[in-house]
Amino acid sequence: MEIYTIGSGTGVPSLRRGSPGTVIRAGKSVMLLDSGSGTLRRLLEVDIDFSEIDYLLYSHFHPDHTADLVPFLFASNYGSERKRTRELCLIGHKGIAHFYEGLKDVYGKWIIPQSYTLNIMEMKDKEIAFSDFSLQGFHLEHSDHSIGFRVTTPGGKAVAYSGDTDYCPNLILLAREVDLLILECSFPDDRKVEGHLTPSLAGRVAREAGCKRLLLTHFYPPCDDCDVKGAVESQYSGTVIVAEDLMKLAI
Ligand SMILES: [Zn+2]
Ligand SMILES: [Zn+2]
């Protein structure tokens with residue numbers, strides 16, 4: 001699998017860190033997990049065209065994670081010389097169909113697929129098998145519609161993606177012994193906010209889950225003024241990577 005961090009920040013405008021967006025390539029399949037503002041354009045900086053993406057996965061519906069869904073759907077109708085014909089899967093917690101219907105009420109025909117099929121899948125605590133990977137969803141502690149995703153290849157490699165979350169038992173299940181845990185790390189230890197993690201809590205999650213590598217992302221600006229890595233490493237002895245925009249990893 002190849003993993004690209006498109007945006008390692010939040011909804012706060014930042015020259016260093018774009019809004020959340022992560023790409024996972026598994027075999028011939030390309031997934032985009034969350035698409036905050038600017039994601040569509042930043043994909044081009046790692047040579048990924050939005051029309052290559054087969055699966056759009058949303059961890060929850062907050063604007064910093066979903067803002068580029070409308071531009072994605074609009075560009076799929078009008079964005080290139082050849083209209084999209086490949087099926088697109090839109091995957092999220094129970095509620096994603098309702099969320100999409102709401103957008104349709106606002107934008108109408110501009111985002112309704114013209115030349116391709118949009119397959120909407122609501123998932124929670126179940127497993128779905130696709131051709132190149134299987135997907136599990138775990139409800140997490142952030143909003144009513146928060147879900148973390150675990151992607152497993154037929155060869156047994158696994159990546160977990162938390163989206164936004166606080167510490168909770170399901171987060172440990174999501175990340176159990178994965179090769180890579182992509183975990184939010186919103187605020188420094190001394191500025192903990194409910195519904196989010198700090199570096200020390202992220203380290204605790206990685207240790208309890210026994211993940212092999214930890215990729216931290218979703219940094220609010222104060223995190224860039226503290227020793228994130230040091231705080232995590234006081235809790236977890238595995239490899240810790242602090243994400244930057246456009247970073248690529250392979251497992
Ligand atoms: Zn967020
Ligand atoms: Zn959120």
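Two residues are in contact if their C-beta atoms, placed from the backbone, lie within 7 Å. Keep that in mind as we walk through this predicted model.

Let's start with helix α6, which spans residues 199-209. Its buried residues are P199, L201, A202, G203, V205, A206 and A209. What lies over them? The cover includes two helices, α5 (169-175) and α7, along with the strands β11 (180-184) and β12. Just after α6 comes G210, and the phi angle of G210 is positive, near 70 degrees.

Two of those covering elements, β12 and α7, lead us onward. Strand β12 (residues 213-217) runs parallel to β13 (residues 239-242), and four bridges join the pair. One partnership to find on screen is L214 with V240 in β13. Between the two strands, the chain passes through helix α7 (residues 228-233), making a right-handed β-α-β crossover.

Now turn to an open sheet of seven strands, with mixed pairing and the order β6-β5-β4-β3-β2-β1-β14. Why do β6 (118-122) and β14 (247-250) each have one side without a neighbour in the sheet? They stand at the edges and each has a single partner strand, so nothing in the sheet pairs on the other side. From one strand to the next, the twist averages 20 degrees.

At the β14 edge, the partner is β1 (residues 2-7), and four bridges link these two strands in the antiparallel sense. Here I3 has L249 of β14 as its bridge partner. Helix α4 (residues 96-107) packs on the sheet, where α4 touches β5 (88-92) and β6. The direction of α4 makes about 135 degrees with that of β6.

Note on methods. Residues are numbered from 1 along each chain as its sequence is written. Chains are lettered from A and ligands numbered from 1 in the order in which they are written. This is a predicted model: local features need pLDDT of at least 70, side-chain atom pairs count only at pLDDT 80 or more; totals for chains, interfaces and linings use all residues. Two strands pair if DSSP finds at least two bridges between them. A crossover is right-handed if, with the strands pointing away from the viewer, the path from the first strand over the helix to the second runs clockwise. Axes are lines fitted to C-alpha atoms, for helices over the stretch in contact, and angles run from 0 to 180 degrees between N-to-C directions. A residue is buried if 20 or more other C-beta atoms lie within 10 Å of its own, exposed if 12 or fewer, and partly exposed in between; C-beta atoms are placed from the backbone.
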